[in-house]
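Please open the structure in your viewer and keep the sequence panel beside it. The tour goes from one selection to the next, and at each stop it says what is to be found there.

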Amino acid sequence: MTTGRLGVAALVALAACGGNGGGGTTPTVPPVPVDTTTAQVRAFVTTGNRTKFLDSAGVRFTTAAAPELVINVDTSRTYQTMVGFGAAFTDASTWLIQTKMRADQRQGLLNDLFSPTSGLGLSFMRMTMGSSDFSREHWSYDDAPGGADDPSMTHFSIQRDREAMLPVIQQSRAINPQMMLVASPWSAPAWMKTTRSMIKGHLRPEAYPAHANYFIRFLKAYQAEGVTVQALTIQNEPHFEPDNYPGMRMDPPERAAFIGGHLGPALQREGLNTLIWDWDHNWDEPNSPLGTLSDATARGYIDGVAWHCYGGDVSAQSTVRNAHPDKDVFFTECSGGQWATNFGENLVYFSRTLIVGTTRNWARGVAFWNLALDPQGGPHLGGCGNCRGVVTIDPVSGGYVRNEEYFALAHASRFVRPGAVRVESGSGLSGMESAAFVNPDGRKALLVVNTTTQERTYGVRQGGRMFTHTLPAQSVATFTWR
């Protein structure tokens, strides 16, 4: 996470990523109800003033005159097929879940987050390969004694992941077998780098074969534990070299050389179908993934491009996708934190920009940053000292609080299932933003965000039918219907 490089404009744009909005108790969120009423549409609303959290009500199609503002949904105009929504399994998140919660508390939380029937049904998750800033120590899977070179991977081990990372992933995937998992390293092992350290530096060219083998060893070790990792990004934030937590600079020619000459061929030789995604960094440098994709050899191995939110505009996703329409788009990181404290603004930012904005710019999967953190925004070692997770876990009691990110994810993940197709919907109308989807079972889902400080009454028209709804200021609604 590159918060240290954010300017004033970026901090303003991220104003929705903060605090608990003045505190208060987060209510229990019931499962999505089975509709046994005569209502033709179900509406689920979360309000910026914290009076409603996924409150459900029935809405009927009407023949009354349309209001001035109408959102048109056109299911004949189709776009990308969705993988899902989620967050990141970090050392911090999984350690809190595995070691600071009782078994019954842990099961309850994971059901809440991952169950497709009684919870959010999170299905697109990222994991850290080795340590990040949200680790209690800095380490890799191959730390040879004395920092010695280890090209034969004699010291390779995923033992540290067996403490928390693996058990939490295994239990989560058992709850939701549809989960897609993408892995990202923050740094190659120190002995592979120009700095001989996990901090800063580049990957030495002579270490490219060993680093490719490092990925192969990781994938196979996880397979042996019953966990398939479906995708890789080769480097988290490759244009940022933090000075107090693991990082590694990889410019486009370096990424292209590594992917095209080493990692791509290694995956093929081993018969692994793991996808490779380039970039995994901010919207403000679309020329970087375009540079990697300009290499014909590397391009043949790259399946998509991953993005973060900490600089630039979400439209960069479409800029790159329009240049390479055969490459998928994924959004893999954005964090909330204590740099902003208004619940309504936070809810709007996450819903408008990170759910509606990313999907309207071709994202097939959307993942926020830490799945869980403690009340102090940790544990962490370096990096962000005031970030917030999707949930906050009390390490003393084992209880947890649902944060703004939880509700933004809920308005998408509970209703837009893996395999759903995004379809056309009106957006940017009088401050009303929307994204529409058709699920594999034919049920439609429309997410609407009122970004204004005024209540809005509007119609939703689809297939010759229309219903009307009034959405409070800075609030989010999801509608489902057949």
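What follows is a walk through contacts between side chains in a predicted model.

**Stop one: salt bridges**

Side chains of opposite charge can pair when their charged atoms come close. In this model the count comes to 19 salt bridges, and a few of them are visited here.

Begin by selecting Arg126 and Asp280, which form a salt bridge whose closest N and O atoms are 2.8 Å apart. If you colour by secondary structure, you will find Arg126 in strand β5, residues 124-129, and Asp280 in strand β8, residues 275-282, so that the pair links parts of the chain 154 residues apart. Are these two residues buried or exposed? Arg126 is buried, with a relative accessible area of 1%, and Asp280 is buried too, at 0% relative accessibility.

Next, select Arg204 together with Asp149, whose side chains meet in a salt bridge with an N to O distance of 4.0 Å. Here both residues are in loops: Arg204 lies between β6 (180-185) and α5 (208-224), while Asp149 lies between β5 and α4 (165-175), so the pair ties together parts that are 55 residues apart in sequence. Arg204 counts as buried because its relative accessibility is 15%, which is under the 20% limit for that class. Asp149, at 43% relative accessibility, counts as partly exposed.

Now move to Arg388 and Glu405, where the side chains meet in a salt bridge at 2.8 Å, N to O. This pair joins strand β14 (residues 387-388), which holds Arg388, to helix α11 (residues 404-413), which holds Glu405, and the two residues are 17 apart along the chain. Arg388 and Glu405 are both buried.

Before leaving the salt bridges, keep Asp149 and Arg204 selected and add Arg196 and Glu206, since salt bridges that share partners join these four residues into one network.

**Stop two: aromatic rings**

A pair of aromatic rings is described by the distance of the centres and the angle of the planes. The model has 27 aromatic pairs by count.

Select Phe44 and Phe415, whose ring centres are 4.7 Å apart and whose planes stand at 40°, so the pair is tilted. Phe44 lies in strand β1 (residues 41-46) and Phe415 in the loop between α11 and β17 (421-425), so this contact ties together parts that are 371 residues apart in sequence. Both Phe44 and Phe415 are buried.

Then select Tyr458 and Phe479, an aromatic pair that is edge-to-face, with 6.4 Å from centre to centre and 75° between the planes. Two strands meet in this pair: Tyr458 belongs to β20 (residues 456-462) and Phe479 to β22 (residues 475-481), with their positions 21 residues apart. Tyr458 is buried at a relative accessible area of 0%, and Phe479 is likewise buried, with a relative accessible area of 0%.

For a wider view, which residues form one aromatic cluster? Select Trp139, Tyr141, Phe156, Tyr208, Tyr214, Phe215, Phe218, Tyr222 and Phe258 at once, and you have that cluster on screen.

**Stop three: charges over a ring**

Centre the view on Trp362 and add Arg321, which lies over the face of Trp362 at 3.5 Å from the ring centre. Then add Arg422, which also lies over the face of Trp362, in this case at 6.0 Å from the ring centre.

**Stop four: disulfides**

How many disulfides are there in the model? The count comes to 2 disulfides, and each can be selected in turn.

Select Cys309 and Cys334, which are joined by a disulfide with an S to S distance of 2.0 Å. This link is right-handed, with 70° about the S-S bond. Cys309 lies in the loop between β9 (302-308) and α9 (316-323), and Cys334 lies in the loop between β10 (328-333) and β11 (336-337), so the disulfide ties together parts that are 25 residues apart in sequence. Cys309 is buried, with a relative accessible area of 4%, and Cys334 is buried as well, at 1%.

Finally, select Cys384 and Cys387, joined by a disulfide at 2.1 Å from S to S. The torsion about their S-S bond is about 115°, so this disulfide is right-handed, and both of its cysteines are buried. With the bonded cysteines of the chain numbered in sequence order, the pairing reads 1-2, 3-4.

Technical notes: Residues numbered from 1 in each chain as written. Predicted model: local features only at pLDDT ≥ 70, side-chain atom pairs only at ≥ 80, totals over all residues. Heavy atoms only, no water. Helix = DSSP H or I, 4+ residues; strand = E, 2+ residues; numbered from the N terminus. Buried < 20%, exposed > 50% of the residue type's maximum accessible area, 1.4 Å probe, protein only. Phe/Tyr/Trp six-rings, centres within 6.5 Å; stacked < 30°, edge-to-face > 60°. Lys NZ or Arg CZ within 6 Å of the ring centre and 35° of its normal. Disulfide = S-S within 2.5 Å.
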